[in-house]
Amino acid sequence: MFLKNNKIKVGRNDPCPCGSGLKYKKCCLGKKVPGANSLKELYFQKHKIRLKGEKDIEGIRNAGRLVLDTLDLVEAKIRPGMRTDEINTLVHEFTIKNGAIPAPLNYKGFPKSVCVSANEVICHGIPGERVVVEGDIVNVDITSVLKGYYADASKTFCVGTLGADAKKIVRVARECLRLGMTQVQPGNTIGDIGWTIQTYAEGQGCSVVREFVGHGVGFEFHEPPQVPHYGRKGQGVRLVAGMVFTVEPMINLGKKDLRILEDKWTAVTADASLSAQFEQTLLVTEDGFESLTPF
Ligand code: MF3
Ligand code: CO
Ligand code: CO
């Protein structure tokens, strides 16, 4: 439907690329939106989404490679008895050594360089004195800024031998990300991603966190669009080549509800059930997607 150089090539009867659900001829085709003569301009005007070009994608891909190397480093070092603050030190020093900046540090007041979220912590865990123990599941969420470009990815690590519940939530969360990614292709919508994830997670008796969503990324930490991990097929913005956003479902073993601790950051499950998450930064391509943080 959309081809090279961000020029619009849409049939009069095709769905409008702005995602309205109307036919192109009934929507943007007739409109004299000043300057909206390329998909790039149209998406910025309609959705505040900044489509990425070749040079940007290369930059985000390089940042993504560093994020993956950092995750590998943590995976190699994580062990029972480790304080979560030691993970922060590892991530911080490795990031700086590689000429990058840890995006979380001082982001809206976040005090550390990485989010470390164990067991009932859904996300935004602040590294500190908490000690990781055998049987824990620990999400480590890394965002690095390299030469001005952001990439964002996370994995839930398994510490030693897991119990059945922990095994299950890690498996379901990983599968949610994988299934969500299968929906990332031009012509699909943001809602297709969420619907696919929610359907699978709830089918497994788990629940999807609503308060935190995937997001555009690359020029900034969090850009439009928002990418909910729940929703309806066909709803929301239509995906086009050049969009870069994360998919990062947070899946709870119990109910979906959360509460935020006194520190104003740490999100925990309201029922204290286990929660797991995996995240990648994805580029929409002409024929599907490319992960810029592939694992
Ligand atoms: N990395 C998280 C995300 O996936 C955001 C963390 S914000 C912070 O969007 F301030 F807690 F670092
Ligand atoms: Co993210
Ligand atoms: Co993240």
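## Close-up views of a predicted model

**View 1. β14 and β15 form a hairpin with two residues between the strands.** The model shown here and in the other views is a predicted one. The two strands, β14 (residues 280-285) and β15 (residues 288-291), run antiparallel to each other and are paired over four bridges. One residue to locate in this view is Leu282, whose bridge partner in β15 is Ser291.

**View 2. The protein as a whole has five helices and 15 strands.** Its radius of gyration is 20 Å, whereas the globule rule gives 19 Å for 295 residues; the two values are close, so the protein is as compact as a globular protein of that length. Along the principal axes, the C-alpha atoms occupy a box of roughly 65 × 45 × 30 Å. Buried residues make up 55% of the 295. When contacts between residues at least 6 apart in sequence are considered, 66% of them connect residues at least 24 apart.

**View 3. β6, β10 and β13 form an open sheet of three strands.** The strand order is β6-β10-β13, with antiparallel pairing. The edges of the sheet are β6 (207-208) and β13 (275-277), each of which pairs on one side only. Between β6 and β10 (residues 250-252) there are two bridges, in the antiparallel sense. Ser207 can be found opposite Asn252, a residue of β10.

**View 4. β7 and β8 form a hairpin with six residues between the strands.** Three bridges pair β7 with β8, and the sense is antiparallel. Across the pair, Gly216 is opposite Glu223 of β8. Gly218 in this hairpin adopts a positive phi near 140°.

**View 5. Tyr150 and Phe221 form a stacked aromatic pair, one part of a cluster with Tyr107.** The ring centres of Tyr150 and Phe221 are 6.2 Å apart, and the planes make an angle of 25°. The pair connects distant parts of the chain: Tyr150 belongs to strand β5 (residues 149-158), and Phe221 to the loop between β7 (214-216) and β8 (223-227), 71 residues apart. Tyr150 and Phe221 are both buried. Tyr107 joins Tyr150 and Phe221 in one aromatic cluster.

**View 6. Phe110 and Trp265 are one of five aromatic pairs found in a search of the whole structure.** The arrangement is edge-to-face, with 5.1 Å from centre to centre and 90° between the planes. Here too distant parts of the chain are linked, with 155 residues separating the partners: Phe110 is in the loop between β1 (101-102) and β2 (115-118), and Trp265 in the loop between β11 and β12. Phe110 has a relative accessible area of 3% and is therefore buried. Trp265, at 18%, also counts as buried.

**View 7. Thr266 sits in the loop between β11 (258-260) and β12 (267-269).** Its relative accessibility is 6%, so Thr266 counts as buried. The side chain of Thr266 makes a polar contact of 2.4 Å with the side chain of Asp263. Leaving aside residues up to four places away in sequence, Thr266 touches Val121, Cys123, His124, Gly125 and Ile126, together with Arg259, Ile260 and Leu261.

**View 8. Val116 lies in strand β2.** The residue counts as buried because its relative accessibility is 6%. With residues up to four places away in sequence left out, the contacts of Val116 are Thr84, Ile87, Gly125, Ile126, Pro127, Val138 and Asn139. Gly125 and Ile126 also appear among the residues that Thr266 touches in View 7. Asp69, 47 residues from Val116 along the chain, has its C-alpha atom 17 Å from that of Val116.

**View 9. Two lysines lie over aromatic faces: Lys48 over Phe44 and Lys233 over Trp195.** Lys48 is placed at 5.3 Å from the ring centre of Phe44. For Lys233 and Trp195, the distance to the ring centre is 4.3 Å.

Definitions and conventions. Residues numbered from 1 in each chain as written. Chains lettered and ligands numbered in written order. Predicted model: local features only at pLDDT ≥ 70, side-chain atom pairs only at ≥ 80, totals over all residues. Heavy atoms only, no water. Pairing = 2+ DSSP bridges. Buried < 20%, exposed > 50% of the residue type's maximum accessible area, 1.4 Å probe, protein only. Polar contact = N/O pair within 3.5 Å; in protein donor to acceptor, adjacent residues only side chain to side chain. Contact = heavy atoms within 4.5 Å. Phe/Tyr/Trp six-rings, centres within 6.5 Å; stacked < 30°, edge-to-face > 60°. Lys NZ or Arg CZ within 6 Å of the ring centre and 35° of its normal. Rg over C-alpha atoms; globule rule 2.2 N^0.38 Å.
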